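Let's take a walk through this protein chain together. Have the sequence and the 3D view ready, and follow along at your own pace.

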Amino acid sequence: LSRDSPDHYDIDIFSLLVPPFRIELVEAGRPRRRFGWRWNNGQNHGSCETIWFENREPENMDADEEEKYIRDLEFIRQDVVSYRGFFIPPTNEEYQRMSTHW
């Protein structure tokens, strides 16, 4: 991107914080599944919050299905550390503030 682009990031090569510019599909539960997507930076704990395609959880799950669904959700949530609270990548200004703390 051009330095004049509003989407341009001034990335600090010495920071361990990489911007989340990849899109990742996620799913939770089986056989009744819930699908969504999120921005990710390709590193552990580098995901933004998940945007679910359906706002509600699957219905009529038996105990095993519900347990699997809850485990999957927890696994998905554990990867949201650096960008907790962000559903889209942070602006350059937000990123700059965040990268000074890493």
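What follows goes from the overall layout to the charged pairs, and ends with one tyrosine.

One thing to keep in mind from the start is that this is a predicted model. Begin with the big pieces: the chain has two helices and three strands. If you trace the sequence from its beginning, these come in the order β-β-β-α-α. The radius of gyration is 16 Å, well over the 13 Å that the globule rule gives for 102 residues, so the chain is more spread out than a compact globule. You can get a feel for that by turning the model around: along its principal axes, the C-alpha trace spans about 50 × 25 × 20 Å.

Now for what is inside and what is outside. Of the 102 residues in the chain, 38% are buried. The accessible surface comes to about 7,300 Å², and carbon and sulfur atoms account for 52% of that surface. What about links between parts of the sequence that lie far from one another? Taking the contacts with a separation of 6 or more, 54% are between residues 24 or more positions apart.

Next, the charges. The chain carries 13 positive and 20 negative charges, and the mean positions of the two sets are 3 Å apart. Side chains of opposite charge can pair when their charged atoms come close. How many salt bridges does a search of the whole structure find? It turns up eight, and a few of them are worth a visit.

Start with Arg 38 and Asp 79, which form a salt bridge with their closest N and O atoms 3.5 Å apart. This pair ties together distant parts of the chain: Arg 38 sits in strand S2 (residues 34-40), while Asp 79 is in the loop between helix H1 (63-78) and helix H2 (92-99), 41 residues apart. Are these two buried or exposed? Both Arg 38 and Asp 79 are buried.

For another setting, look at Glu 67 and Arg 71, whose side chains meet in a salt bridge at 3.1 Å, N to O. Both residues lie in helix H1, four residues apart, which is about one turn of the helix. Glu 67 is partly exposed, at 46% relative accessibility, and Arg 71 is also partly exposed, at 48%. Salt bridges can also share partners, and in this chain they join Glu 24, Arg 38 and Asp 79 into one network.

One more pair is Arg 33 and Glu 27, with a salt bridge of 3.3 Å, N to O, between their side chains. Arg 33 is partly exposed, with a relative accessible area of 38%, and Glu 27 counts as partly exposed at 30%.

Finally, find Tyr 83 in the loop between H1 and H2. Its relative accessibility is 0%, so Tyr 83 counts as buried, the cut-off being under 20%. What does Tyr 83 touch, leaving aside residues up to four places away in sequence? Its contacts include Leu 17, Val 18, Pro 19 and Pro 20, along with Asn 41. Also among them are Gly 46, Ser 47, Cys 48 and Glu 49. Further along the sequence, Tyr 83 touches Pro 90, Tyr 95 and Met 98 as well. As for Arg 97, that residue is 14 residues from Tyr 83 in sequence and 12 Å away in space, C-alpha to C-alpha.

Note on methods: Residues are numbered from 1 along each chain as its sequence is written. This is a predicted model: local features need pLDDT of at least 70, side-chain atom pairs count only at pLDDT 80 or more; totals for chains, interfaces and linings use all residues. Side-chain values use heavy atoms; hydrogens and water are left out. The radius of gyration is taken over C-alpha atoms; the globule rule is 2.2 Å times the number of residues to the power 0.38. Buried means under 20% relative accessible area, exposed over 50%, partly exposed in between (1.4 Å probe, protein chains only). Contact means heavy atoms within 4.5 Å. Accessible areas come from the Shrake-Rupley method with a 1.4 Å probe; for residues, only the protein chains shown count as cover. Lys and Arg count as positive and Asp and Glu as negative; His and the chain ends are not counted. The place of a charge is taken as NZ of Lys, CZ of Arg, CG of Asp or CD of Glu. A salt bridge is a side-chain nitrogen of Lys or Arg within 4 Å of a carboxyl oxygen of Asp or Glu.
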